[in-house]
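Me: I'm new to this one. Could you show me how to read a few of its features?

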Amino acid sequence: RSSQPDLVRQATVGEVCDGAAEIPCYSSITTNEIRIFAQSHYKGFQRGIHWWAYEIEFKNVGERHVQLLTRHWVFVDANGKTAEVKGPGASGRTLK
């Protein structure tokens, strides 16, 4: 199964938030025996900007040992503008 962002987005299961017709509150997908759950939280409008927080959970549902080595998040706003975050591990850290 491909892990390209558009293909993953099409395969996810989610629930649409009230008042945000096309933005899911959460999405979930299992790929390569790793379940990925993502949930957004609207934090309000401050200093002319809408603020969001994100909760990402990974669960190994297979029998192999795995480790998150890198991350690549792609954020797309309502105007189609994208922002990407890439780096090692979670929060920029990997376990030794």
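Reply: Sure, let's go through aromatic pairs and then backbone angles. This is a predicted model, where local features need pLDDT of at least 70, side-chain atom pairs count only at pLDDT 80 or more, and totals for chains, interfaces and linings use all residues. Residues are numbered from 1 along each chain as its sequence is written, and side-chain values use heavy atoms, with hydrogens and water left out.

Me: How many aromatic pairs does the structure hold?

Reply: A pair of aromatic rings is described by the distance of the centres and the angle of the planes. Rings of Phe, Tyr and Trp (its six-membered ring) pair if their centres lie within 6.5 Å; planes under 30 degrees apart are stacked, over 60 edge-to-face, and the rest tilted. The structure holds three such pairs. One of them is Tyr-26 with Phe-37, stacked at 5.8 Å centre to centre and 25 degrees between the planes.

Me: Where do Tyr-26 and Phe-37 sit in the chain?

Reply: Strands are DSSP runs (E, at least two residues), numbered from the N terminus. Tyr-26 is in strand β2 (residues 24–31) and Phe-37 in strand β3 (residues 34–46), 11 residues apart.

Me: Is Tyr-26 buried, partly exposed or exposed?

Reply: Buried means under 20% relative accessible area, exposed over 50%, partly exposed in between (1.4 Å probe, protein chains only). Tyr-26 has 25%, so it counts as partly exposed, and Phe-37, at 24%, is partly exposed too.

Me: Which residue in the loop between β2 and β3 should I look at?

Reply: Try Asn-32, found in that loop. Asn-32 has a positive phi of about 50 degrees although it isn't a glycine, and it is exposed at 56%.

Technical notes: Helices (H or I, at least four residues) and strands (E, at least two) are DSSP runs, numbered from the N terminus.
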